[in-house]
Amino acid sequence: MCPFEFFRPKTLAEAIELLEQGVPLAGGTALTPRRGEIPAVIDLRELGLDNLEIQDNTILIGAGLTLQKMVDAVHILPVALREVCIKESGWNLRNMATLGGVIMSGDGRSPLLTVLLALRAQAVIEPGGNTVPLVDLLQQREEAGFHHLITAIRLDNPLALVYEQISRTPADRPIVCAAIAHFPEENAGYPFQVALGGFGSHPIRVEEAESILEGDGDIDAAVEACRKVYIEAGDAWASPEYRSHSTGVLVRRLLMELLS
Ligand SMILES: Cc1cc2nc3c(=O)[nH]c(=O)nc-3n(C[C@H](O)[C@H](O)[C@H](O)COP(=O)(O)OP(=O)(O)OC[C@H]3O[C@@H](n4cnc5c(N)ncnc54)[C@H](O)[C@@H]3O)c2cc1C
């Protein structure tokens with residue numbers, strides 16, 4: 001017997017009404033092991049949340065799009081964004097796991113979340129249809145009583161996007177990773193967005209480095225600002241000294257690449 005109730009709404013309005021009763025089910029790859037704790041699931045597959053479009057210079061990605069479909073979007077998504085979808089998980093998982101699922105369940109070692117932070121991703125959430133910066137959503141998702149549905153992710157197309165990681169093997173998740181996006185001056189916010197990952201419950205943005213790069217562009221100072229962030233970031237995978245030093249090396253490499 002199925003231990004939980006199963007709903008498959010046909011419209012967004014129906015899905016929103018059900019949110020108080022259960023949790024959204026996308027690819028199910030993270031949710032399935034937790035099935036014993038869940039009273040009901042709301043299967044999102046008939047809601048048509050797998051769109052991918054460019055409006056002016058903004059990319060809109062449906063939350064239900066699988067990671068493999070993102071890899072396949074050769075002429076639409078920045079190369080570094082497609083590449084981190086490959087690093088996120090193997091082929092079988094990529095064909096099931098969705099962008100919305102990563103945003104709600106990815107941790108600090110997620111290459112995709114790190115790049116989305118650097119891209120200033122914004123989530124469109126229901127009920128309400130509001131747009132929430134990913135940097136805020138990563139905090140809110142931890143709060144009890146967060147009953148929202150992500151319908152899409154909005155990204156500004158960057159001038160350039162670079163990403164590097166250090167992991168124990170090429171297929172492993174990063175111990176340290178960094179992503180930097182460069183946006184046109186006329187866009188709101190800092191022209192460079194810096195995100196670090198490889199540690200903790202979610203990747204982080206380094207606004208101090210962004211502000212230095214907008215000001216005098218002092219690479220040494222920006223690298224130091226990033227290195228400082230992980231000065232106490234030790235865990236089973238890496239000592240704080242190793243992680244902090246490696247962060248400095250990666251960020252310097254990315255900045256040299258971007259600014260050359
Ligand atoms: C063998 C295996 C290996 C894995 N390895 C890793 C790994 O190395 N690293 C890692 O981070 N994860 C890993 N995972 C977990 C999982 O694959 C990913 O986190 C995946 O991205 C989840 O996506 P999904 O679409 O399957 O989400 P689901 O499992 O369907 O959902 C995950 C969470 O997100 C919520 N959710 C999903 N979509 C939405 C939405 N649109 N709006 C609001 N909430 C939503 C769900 O309610 C649930 O809480 C692994 C899973 C398996 C089975």
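Student: How is the chain divided into domains?

Tutor: This is a predicted model, and its chain falls into domain 1 (50–105 + 120–156) and domain 2 (160–259). Taken over C-alpha atoms, the centres of the two domains are 21 Å apart.

Student: How many residues does each domain bring to the contact?

Tutor: A general idea to start with: the size of an interface is often given as the accessible area lost when the parts come together. Here we can count residues instead. Domain 1 puts 9 residues into the contact, and domain 2 puts in 10.

Student: Which elements supply the side of domain 1 that touches domain 2?

Tutor: Look for α3 (79–88) and α7 (134–140), as each supplies at least two residues of that side. The most comes from α3, with 4 residues. By residue class, the side of domain 1 that touches domain 2 has 6 nonpolar, 3 charged and no polar residues.

Student: Now for the ligand. Which residues come nearest?

Tutor: To read a ligand shell, count a residue in if its C-beta atom, placed from the backbone, lies within 6 Å of the molecule. In this structure there are 27 residues around the ligand, and those that come nearest are Ala26, Gly27, Gly100, Gly101 and Met104.

Student: And which element gives the largest share of the shell around the ligand?

Tutor: That is α5, with 5 residues. Elements that each supply at least two residues of the shell are β2 (23–25), α5 (99–105) and β8 (149–156).

Student: How do the residues of the shell divide into nonpolar, polar and charged?

Tutor: The shell around the ligand holds 15 nonpolar residues, 10 polar and 2 charged.

Technical notes. Residues numbered from 1 in each chain as written. Predicted model: local features only at pLDDT ≥ 70, side-chain atom pairs only at ≥ 80, totals over all residues. Domains from an automatic or database assignment. Contact = placed C-beta atoms within 7 Å. Nonpolar A, V, L, I, M, F, W, Y, C, P; charged D, E, K, R; others polar.
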